[in-house]
Every structure is written in structure tokens, then in C-alpha cells.
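Visitor: Hi, could you walk me through this one?
Guide: Happy to, let's have a look together.

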Amino acid sequence: MGSSLDAWVSRDDWASTWPRADTRVAKPPELIFCGVSGCGKSTIGRRVARELRTPFVEGDDLHVSGNIANMEAGRPLSDNDRLPWLTALSARLGAMAVETGGVMACSALKRVYRTALASASADVYFVLLAIEKEAALERVSHRADHFMPSELVDSQFDQFEPLAPEEPGIVLDALADPDENVKRTLDFIIQLRA
Ligand SMILES: Nc1ncnc2c1ncn2[C@@H]1O[C@H](COP(=O)(O)OP(=O)(O)OP(=O)(O)O)[C@@H](O)[C@H]1O
Ligand SMILES: O=C(O)[C@H](O)[C@@H](O)[C@H](O)[C@H](O)CO
């Protein structure tokens, strides 16, 4: 783990946003669809954002120069590669939090990344799309027009840490019908606001 990432998540002030603050506010939360490549973050996340009429942020659009080229060339990202990316994603989450709420698709593979992202606002929740390696591989290898090579799927699973019970969010079956996963996500938000 990169030392600056360590410093970030051990900041004195993040504890004040964890556990979640009062969520009974009208604005939609900041939802982060997370999980390994191919789990369906962008597909389901976009649909949920449309239902909520909130912005959708594709995390891949905020990668710093070099990261996409590295992945394209079959080199997995390191913590250091991801640090500036997480910083940019956090800034975007913070802006959404004061305005509209919104939905982001971002792998957020490790707990330390999720902790860093969750420190952007008191209203961040994760929707983890759980998938087995064979299914992810199948999806990634059949996807056209995407930079992520199927050779990197193994490394995504090597780095992935499941959502712990104390992390804010839900886990969905990535193989479920997309309509069902959209509905489950909306139900989760309704429950949060009840
Ligand atoms: N039930 C499903 N839910 C979501 N996506 C599905 C489903 N079935 C098939 N797919 C397909 O799986 C592929 C991967 O989906 P998507 O690009 O949304 O994943 P992702 O997690 O955002 O991947 P990446 O992190 O690599 O960008 C797409 O081609 C999508 O159409
Ligand atoms: O953290 C990572 O390793 C990266 O975000 C990858 O997950 C890719 O960006 C994404 O999967 C491809 O779209």
C-alpha cells in the first residue's frame, strides 16, 4: 500500500464521516458501483442514475495519464497509480454531495480505496456487484470497444477485497437480471431514507 494512501485514510477527520451521518435528507446519496472489471458497474450504474435523475460519473474517464495505457498494455495498476485517480474521484464525489448526489462507476477494489472515497461525503454508499472470475472473464473478453484486456481479470481478483459488513452499502449478484439490480438499488436508497 502506498504511504500517501495510508496517510490519507488515517486522517483525523475521516472518522467523523464514518459511521454514516444522518441520511434522512431529500438529496439522493453518492452511490459508487464497485467491483472487478466486467461486473457491470457502468451498465447498472448508468441505469440507476437515469432513474434517480442524477449525474453519472464514469470512473474510467478520470484516470490520470498513463493509467489507461498501462492497462491496455496488460500492466495492472498499483496503489501509487491509483492514488491521483482516487483523489480526482473523491473531489467529484464531494462536488456531487453538495449539489445533486449521483452515481459513480469505479472498481474501488480494496477496502482502503473505499475508505478514502467514502471520506468525500457523509452520504457515500457502495453497491458491489459480486461476480465469479469465469463470468467476468467471459464478459470482458466479449466486450468490444473497451481498453481493458481480459489478461488483467486475474489481477483484478487478486486485488479485490469483498465489502465488509461494516462498510456502508449492499452486495448484489452481478449475474442477476439488470432490471432486478436496478430495483434492488432503488429499494436500498428508499430504505436509507425511511
Ligand atoms: N446482467 C448484466 N448486468 C450488467 N452487465 C451485463 C450483464 N450481462 C451482460 N453484461 C455485459 O457485461 C459487460 C461488462 O459490463 P460493464 O462494462 O458495465 O462492466 P464494468 O464493471 O463497468 O467493467 P469495467 O470496469 O471493465 O469498465 C458489458 O458488455 C455488459 O453489456
Ligand atoms: O482499479 C482498477 O484496476 C481500474 O479501475 C480498473 O478496474 C479499470 O479502470 C476498469 O476495470 C476498466 O474499466
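Guide: One definition to start: a polar contact is a pair of N or O atoms within 3.5 Å; within protein, one must be able to donate a hydrogen and the other to accept it, and residues adjacent in sequence count only if both atoms are side-chain atoms. This is a predicted model, where local features need pLDDT of at least 70 and side-chain atom pairs count only at pLDDT 80 or more, while totals for chains, interfaces and linings use all residues. Residues are numbered from 1 along each chain as written, chains are lettered from A and ligands numbered from 1 in written order, and side-chain values use heavy atoms, with hydrogens and water left out.

Visitor: Thanks! Which side chain does serine 121 contact?
Guide: The side chain of glutamate 30, through a polar contact of 2.5 Å. Serine 121 belongs to the loop between α5 (111-118) and β4 (124-130); helices (H or I, at least four residues) and strands (E, at least two) are DSSP runs, numbered from the N terminus.

Visitor: And is serine 121 buried or exposed?
Guide: Buried, at 8% relative accessibility. Buried means under 20% relative accessible area, exposed over 50% and partly exposed in between, using a 1.4 Å probe and protein chains only.

Visitor: Switching topic: how many aromatic pairs does a search of the whole structure find?
Guide: One. It is formed by tyrosine 125 and phenylalanine 188, edge-to-face, with 5.8 Å centre to centre and 75° between the planes. Rings of Phe, Tyr and Trp (its six-membered ring) pair if their centres lie within 6.5 Å; planes under 30 degrees apart count as stacked, over 60 as edge-to-face and the rest as tilted.

Visitor: What does that pair tie together?
Guide: Parts that are 63 residues apart in sequence, because tyrosine 125 lies in strand β4 and phenylalanine 188 in helix α8 (residues 178-193). Tyrosine 125 is buried at 4%, and phenylalanine 188 is buried too, at 11%.

Visitor: On to the ligands. What surrounds ligand 2?
Guide: Its surroundings include Ser37, Asp60, Arg82, Trp85, His146 and Gln156, where near means a heavy atom within 4 Å.

Visitor: Which polar distances should I look at there?
Guide: An oxygen atom of ligand 2 is 2.4 Å from an N or O atom in the side chain of aspartate 60. For arginine 82 the corresponding side-chain distance is 2.8 Å, and a polar side-chain atom of glutamine 156 also lies 2.8 Å from a ligand 2 oxygen. The protein covers 95% of the 330 Å² of accessible area that ligand 2 has on its own, by the Shrake-Rupley method with a 1.4 Å probe; for residues, only the protein chains shown count as cover.

Visitor: And ligand 1, which residues come nearest?
Guide: Of the 16 residues around ligand 1, those are Ser37, Lys41, Ser42, Thr43 and Arg143. Helix α2 (residues 41-52) gives the largest share of the shell, four residues. An oxygen atom of ligand 1 is 2.5 Å from an N or O atom in the side chain of threonine 43, and one is 3.2 Å from a polar side-chain atom of histidine 146. Taken alone, ligand 1 exposes 630 Å², and the protein buries 76% of that.

Visitor: Last one: what stands out in the phi of arginine 53?
Guide: Arginine 53 has a positive phi of about 55° although it is not a glycine. Arginine 53 is in the loop between α2 and β2 (56-58) and is exposed, at 75% relative accessibility.
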